[in-house]
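The exercises that follow ask you to read a fold from its coordinates, one step at a time. Each task sentence is followed by a worked solution, and it is best to try the task before reading on.

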Amino acid sequence: MNKEEIESARKAGEIVKKIKKEAIIWIKQGMPLIELAEKIETQIVKLGGKPAFPVNLGINEYAAHYTPSHDDKTIAYGLLKVDFGVQINGYVVDNAFSIDLDNSSKNKKLIETSELALENAIESVKNNETLGEIGTKIQKTASDAGFSAIQNLSGHEISQWELHSSLTIPNYNNNSTIKLDDGIYAIEPFITAGEGKVYDGKDSGIYELKKSGSVRDSNAREILKYIIDEYNSLPFCSRWLVKKFGTRALVSLNFLESAGLLHQFTHLVEKSKSPVAQSEATIIINKGEVEILT
Ligand code: CO
């Protein structure tokens with residue numbers, strides 16, 4: 001871990017903590033999701049960071065990868081997950097929290113369980129346990145409460161400009177005997193009363209650069225250059241590009257995706273359409289010492 005990496009990640013973590021603390025209070029049932037996403041993204045910039053990816057706002061069975069489109073009319077309700085990240089010089093911290101906007105005791109129990117699972121997983125990291133043991137802690141926290149942890153979603157290692165780098169942190173016992181080395185990691189249990197699996201839903205409007213290439217179309221070329229300069233290999237969304245270039249950006253995004261230069265993520269939806277709660281934090285391990293950044 002070099003000094004720049006540690007300091008940038010810590011600073012990004014401070015921004016996350018401040019926004020999260022306030023957002024828990026100002027997020028209200030009935031608020032348009034687009035307003036919610038833009039408010040968080042604007043605050044990130046005001047506080048000296050950049051969004052590491054578009055704010056993800058999954059309602060109920062939508063576990064991940066839902067961000068409002070430029071003309072989104074959805075309002076906040078149900079079990080809402082707010083997953084956002086901050087980057088400074090490409091050093092990323094990732095985090096998520098869940099809110100119950102239905103005043104439902106079941107939603108509240110799901111949320112409490114995801115928070116407890118995250119705490120138990122971090123405790124497991126502090127005890128220098130294996131990935132299999134960390135996953136076991138998450139799985140057991142879920143089953144003790146009568147729920148499941150979603151198996152095909154996982155935490156991840158984070159590197160500069162890379163939100164999901166080499167290592168995966170499982171939400172179940174995958175029998176891995178690997179222990180976490182020094183580095184930055186996001187841990188994110190997803191808890192549901194449903195089957196505990198997600199499937200690929202519709203296209204999300206969230207993209208990531210796959211590779212650079214020469215493009216003949218001048219609109220698409222301009223937008224590709226902007227993507228590379230602004231986001232590098234971190235995820236971005238159509239809403240951001242429509243804001244910058246107008247709706248012609250949508251045509252270019254389609255074109256760049258078909259040319260194989262962009263990857264578009266799909267919504268990830270719980271298989272039995274059961275509500276999902278998520279809690280996520282980023283930790284840094286430096287010389288074996290665990291520090292929670294978010
Ligand atoms: Co994450």
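A residue counts as buried when its relative accessible area is under 20%, as exposed when that area is over 50%, and as partly exposed in between. The model to which this scale is applied here is a predicted one.

**Exercise 1. Classify Asn89, Lys273 and Glu38 as buried, partly exposed or exposed, and place each of them in the chain.**

Step 1. Asn89 is found in the loop that links strand S3 (79-88) to strand S4 (91-100). Its relative accessible area is 44%, and therefore Asn89 is partly exposed. The backbone at Asn89 also deserves attention, since phi is positive there, at about 55 degrees, although the residue is not a glycine.

Step 2. Lys273 belongs to the loop between strand S12 (262-270) and strand S13 (276-278). With a relative accessibility of 49%, Lys273 counts as partly exposed, and its phi, near 60 degrees, is again a positive value in a residue other than glycine.

Step 3. Glu38, by contrast with a loop position, is found in helix H2. Its relative accessibility is 25%, so Glu38 too counts as partly exposed.

**Exercise 2. Determine which residues of helix H6 are buried and what covers them.**

Step 1. Helix H6 takes in residues 238-245, and 6 of its 8 residues are buried, so that the helix can be described as mostly covered.

Step 2. The buried residues are Ser238, Arg239, Trp240, Leu241, Val242 and Phe245.

Step 3. The cover over these buried residues includes helices H2 (33-46), H5 (218-231) and H7 (248-258), together with strands S1 (50-59), S10 (198-209) and S11 (236-237).

Step 4. A contact at the level of single residues can be added from the side of H2: once residues up to four places away in sequence are set aside, Glu38 touches Arg239 and Lys243.

Step 5. After H6 comes Gly246, and the phi of this glycine is positive, near 80 degrees.

**Exercise 3. Work out the order of the strands in the open sheet that contains S14, and describe how its strands are joined.**

Step 1. The sheet has 5 strands in the order S7-S6-S8-S14-S15, and the pairing is antiparallel. Strand S7 (168-169) and S15 stand at the edges, where each has a single partner strand, so one side of each is left without a neighbour in the sheet.

Step 2. Strand S6 (residues 155-158) is joined to S8 by 3 bridges, the two strands running antiparallel, and Ile158 has Ile184 in S8 as its bridge partner.

Step 3. Between strand S8 (residues 183-187) and S14 there are 5 bridges, again with antiparallel strands; here Ile187 stands opposite Ala281 in S14.

Step 4. S14 is joined to strand S15 (residues 289-292) by 4 bridges in antiparallel fashion, and Ile284 stands opposite Glu291 in S15. The hairpin of S14 and S15 has 2 residues between the strands, and in this hairpin Lys287 takes a positive phi near 50 degrees.

Step 5. As for burial, S14 (residues 281-286) is mostly covered, with 5 of its 6 residues buried.

**Exercise 4. Compare the radius of gyration of the protein with that of a compact globule, and then describe the fold as a whole.**

Step 1. For 294 residues a compact globule would have a radius of gyration near 19 Å, and the protein has 19 Å, which agrees. Along the principal axes, the C-alpha trace spans about 55 × 45 × 35 Å.

Step 2. The protein has 7 helices and 15 strands, and 55% of its 294 residues count as buried.

Step 3. Among contacts with a separation of 6 or more, 75% are between residues 24 or more positions apart.

Step 4. The accessible surface comes to about 13,100 Å², and carbon and sulfur atoms account for 48% of this area. The side chains include 34 positive and 40 negative ones, the centres of the two sets lying 4 Å apart.

**Exercise 5. Locate Ala145, and state which residues it contacts.**

Step 1. Ala145 lies in the loop between helix H4 (131-144) and strand S5 (148-149).

Step 2. Leaving aside neighbours within four places in sequence, Ala145 is in contact with Lys109 and Thr113.

Step 3. Ala145 and Ser212 are 67 residues apart along the chain, and their C-alpha atoms are separated by 47 Å.

Definitions and conventions
Residues numbered from 1 in each chain as written. Predicted model: local features only at pLDDT ≥ 70, side-chain atom pairs only at ≥ 80, totals over all residues. Heavy atoms only, no water. Buried < 20%, exposed > 50% of the residue type's maximum accessible area, 1.4 Å probe, protein only. Pairing = 2+ DSSP bridges. Rg over C-alpha atoms; globule rule 2.2 N^0.38 Å. Contact = heavy atoms within 4.5 Å. Areas by Shrake-Rupley, 256 points an atom, 1.4 Å probe, with all protein chains shown as cover. Lys, Arg positive; Asp, Glu negative; His and termini not counted. Charge placed at Lys NZ, Arg CZ, Asp CG, Glu CD.
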